[in-house]
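Here are some notes to read beside the model, set out point by point. Please keep the sequence and the 3D view open while you go through them.

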Amino acid sequence: MKVLVTGAAGFIGSHFAEELSHNGYQVIGIDNLSPYYASELKQINVSDIETAGVHFIKADLVDDLFAILPRDFDYIFHFAAQPGISESTSYKDYERNNIVATKNLLNWTLHASKKCKLFVYISTSSVYGLQATVSEDAIPNPASYYGKSKLIAEQLIMDAHDRDQLAACSIRLFSVYGPRERPEKLYTKLIKAIIEEKPFPLYKNSNTHERSFTYVKDIVKGLMQVIVHHKRCNGEIINLGCESVNTTGDGIALIEKIIGKKACIMDVPKRPGDQLKTAANITKAKKILSFIPETSLEQGLRAQVLWYKNKFC
């Protein structure tokens, strides 16, 4: 079985590409190694996935994919995106990297991988808006450029399915963390600040924000089940996350406990569009994928601290 993984040098995509390869799939990973954050981490990820047997291609999804990619994939998992809700990222960046890139990939798929068993779009709980606590049937109400652009891209894919052009599904992920987490995300940034004894910038009042923090390996297990149940997933939108809810403050306290040092918290202005609460409703994921997250927040954070120390200390 041949699988294409876009965003294969990124946080979640790299873990999934590795797992596929370890399970005997022929995996081609593509990533443009965007300068959104320091390339050092992505280069480490590339080295790790290539060691695992993934064939990596450095290329941009807005380019001519017919000249870049082989044809006839059995499955396509589309992780690549302009992430986050940084004020320094313009809407043009979200439009280019989330909407235009997805449209180009979709066009290529319809012509070059006509027998694809399932196109899996990796979406986000951000499409729900400031309160992501509902089922997949709820009307999306994104509150950020990131959420809006991801929703538009999701709709492009699901519209192709509705027109009988493509077997497809969308997986909406909730607050994923763990080894390889991006450097501007909560836990990697916090671990770095504590170890280097530097101030940790915390968005005002965000310590009370509630999250379905979901360990990356649990997400990967869920995505592997999408392949197993690809016929049942066709046409579906599925939430994937942990039902347990913790505050950002809970996570900070656990990292301090694991490292054995207190963080030097520095309050900074809150971010527009930052979600106030995520609580993953995974009733559908349980039914279709038999998905049950198994990793506690403390277990996952211990693994993330160990990864950071092994790679950067």
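1. In these notes, two residues are in contact when heavy atoms of one and the other lie within 4.5 Å. The model is a predicted one, and the word is used in this sense for arginine 180, which, leaving aside its neighbours within four places in sequence, is in contact with Phe11, Ser14, His15, Glu18, Leu41, Asn45, Asp48 and Trp307.

2. Arginine 180 is found in the loop between strand 8 and helix 5. Is this residue buried or exposed? Its relative accessibility is 6%, and because a residue under 20% is called buried, arginine 180 counts as buried. Its side chain also makes a polar contact of 2.8 Å with the side chain of glutamate 18.

3. Helix 5, which covers residues 186-195, has seven buried residues out of 10, so the rest of the structure largely encloses it. The buried ones are Leu186, Tyr187, Thr188, Leu190, Ile191, Ala193 and Ile194, and they pack against strand 8 (176-177), strand 9 (199-203), helix 8 (248-259) and helix 10 (297-312). After helix 5 comes glutamate 197, with a positive phi near 55 degrees.

4. Strand 9, one of the elements against which helix 5 packs, has two faces that should be looked at separately. In a regular strand, side chains alternate between the two faces of the sheet. Here Phe200 and Leu202 make up the covered face, whereas Pro199, Pro201 and Tyr203 make up the uncovered one. Strand 9 runs parallel to strand 14 (residues 264-268), to which five bridges join it, and leucine 202 stands opposite aspartate 267 in strand 14.

5. Turning to the open sheet, one finds seven strands in the order 3-2-1-4-5-7-12, with parallel pairing. Strand 3 (55-58) and strand 12 (237-240) are at the edges and have a single partner strand each, so one side of each is left without a neighbour in the sheet. From one strand to the next, the twist averages 20 degrees.

6. Within this sheet, strand 1 (residues 2-6) pairs with strand 2 (residues 26-31) in the parallel sense over five bridges, and valine 5 stands opposite glycine 29 in strand 2. Helix 3 (residues 91-112) packs on the sheet, where it touches strand 1, strand 4 (75-78) and strand 5 (118-124), and its direction makes about 175 degrees with that of strand 4.

7. Which residues touch the most other members of the largest nonpolar core? Of the 71 residues in that core, they are Phe16, Phe77, Ile171, Leu223 and Val226, while helix 6 (residues 216-228) gives the most to the core, with seven residues. Not counting residues up to four places away in sequence, leucine 223 touches Phe16, Phe77, Phe79, Ile122, Ile171 and Leu240. Another core, of 24 residues, lies apart from the largest one, and among its members are Ile30, Cys116, Ala153 and Ala168.

8. A last residue to check is histidine 161, which is found in helix 4 (residues 145-162). Histidine 161 has a relative accessible area of 17% and is therefore buried, since the cut-off for that word is under 20%. A polar contact of 3.2 Å joins its side chain to that of aspartate 162. Leaving aside neighbours within four places in sequence, histidine 161 is in contact with Leu166, Ala167, Ala168, Asn234 and Gly235.

Notes
Residues are numbered from 1 along each chain as its sequence is written. This is a predicted model: local features need pLDDT of at least 70, side-chain atom pairs count only at pLDDT 80 or more; totals for chains, interfaces and linings use all residues. Side-chain values use heavy atoms; hydrogens and water are left out. Two strands pair if DSSP finds at least two bridges between them. Helices (H or I, at least four residues) and strands (E, at least two) are DSSP runs, numbered from the N terminus. Axes are lines fitted to C-alpha atoms, for helices over the stretch in contact, and angles run from 0 to 180 degrees between N-to-C directions. Buried means under 20% relative accessible area, exposed over 50%, partly exposed in between (1.4 Å probe, protein chains only). A polar contact is a pair of N or O atoms within 3.5 Å; within protein, one must be able to donate a hydrogen and the other to accept it, and residues adjacent in sequence count only if both atoms are side-chain atoms. A nonpolar core is a set of buried Ala, Val, Leu, Ile, Met, Phe, Trp, Tyr and Cys residues joined through side-chain atoms within 4.5 Å.
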